[in-house]
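These notebook entries record what I looked up in the structure. I proceeded from single residues to the overall fold.

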Amino acid sequence: MQAAIQEAQKAAVIREVPIGAVVVLDGEIIGRGHNLRETNQQSTAHAEMIAIQEACAKVGSWRLERAQLFVTLEPCPMCSGAIMLSRVEEVYFGAYDPKGGTAGSLLNLLEDQRFNHWSYVEAGILGEPCGQLLTDFFRELRQIKKEQKKLKKTSQDE
Ligand SMILES: [Zn+2]
């Protein structure tokens, strides 16, 4: 999860919402990703998607059957779908996402045994630092917006 946090920090540096993910196989990281939605202007450029794509390329297979995925925020429906379709065995996530998470918050797609494949899921792994990254990011963003507003107002007053 530390490696996933490092990925999230890379996103924060480039003003992306700080979410990071890694895929691990046999104790080795085979895929890394961080959120690149703004940079790429792609709604699908989530950390998990990028990490899974890299992992599949590395092993030369769409099947990640014995792999673990670590992600700093609870996966959304799209990423849960990708996790399911690539048959990731275990998913560990940091912070819950009460507004978009489908690994326990809104739904539990990953452990729904009506699907052909389901994963073992563990939540709250380093949940505090994972969540804090997001809290800090959004606080800073609000601060920047506030200052921009102030600047705009003073330039209008002149
Ligand atoms: Zn996602």
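**Entry 1. Cys 79.** I worked from a predicted model. I began with Cys 79, which has 29 C-beta neighbours inside 10 Å and therefore counts as buried, the threshold being 20 or more. I located Cys 79 in helix H4, residues 77-85. Setting aside neighbours within four places in sequence, I found Cys 79 in contact with His 46, Glu 48 and Met 49.

**Entry 2. The record.** I then asked which residues UniProt lists for "binding site". The unreviewed entry gives His 46, Cys 76 and Cys 79 under that heading. These residues span 34 residues in sequence, yet no two of their C-alpha atoms are more than 9.2 Å apart, so they gather at one spot.

**Entry 3. His 46.** I next asked whether His 46 is buried or exposed. His 46 is buried, because 25 other C-beta atoms lie within 10 Å and 20 suffice. I placed His 46 in the loop between helix H2 (37-40) and H3. Not counting residues up to four places away in sequence, His 46 touches Asn 35, Cys 76, Met 78 and Cys 79. Two of the partners of His 46, Cys 76 and Cys 79, thus appear both among its contacts and in the UniProt listing.

**Entry 4. Helix H1.** I turned to H1, residues 2-13, and checked its length. At 1.5 Å a residue, its 12 residues should span 16 Å; the end C-alpha atoms are 17 Å apart, which agrees. I noted Ala 4, Glu 7, Ala 8 and Ala 11 as buried in H1. Seen down the axis of H1, these buried residues fall within an arc of 100 degrees, so they line one face of the helix. The face turned away from that buried side carries the exposed residues Gln 2 and Val 13.

I also looked up what covers the buried residues of H1. The cover includes strands E1 (20-25), E2 (28-34) and E3 (68-73), together with helices H3 (47-59) and H5 (127-157). Just after H1, Arg 15 takes a positive phi of about 60 degrees.

**Entry 5. The whole chain.** I counted 5 helices and 5 strands in the protein. From the N terminus on, the elements run α-β-β-α-α-β-α-β-β-α. The C-alpha trace spans about 65 × 30 × 25 Å along its principal axes. Of the 158 residues, 34% are buried. Among contacts with a separation of 6 or more, 53% join residues 24 or more positions apart.

Definitions and conventions. Residues are numbered from 1 along each chain as its sequence is written. This is a predicted model: local features need pLDDT of at least 70, side-chain atom pairs count only at pLDDT 80 or more; totals for chains, interfaces and linings use all residues. Helices (H or I, at least four residues) and strands (E, at least two) are DSSP runs, numbered from the N terminus. The expected span of a helix is 1.5 Å times one less than its number of residues. A residue is buried if 20 or more other C-beta atoms lie within 10 Å of its own, exposed if 12 or fewer, and partly exposed in between; C-beta atoms are placed from the backbone. The arc is that of the directions from the helix axis to the C-beta atoms. Two residues are in contact if their C-beta atoms, placed from the backbone, lie within 7 Å. UniProt positions are given in the numbering used here, feature names are shortened, and annotations may be inferred rather than shown by experiment.
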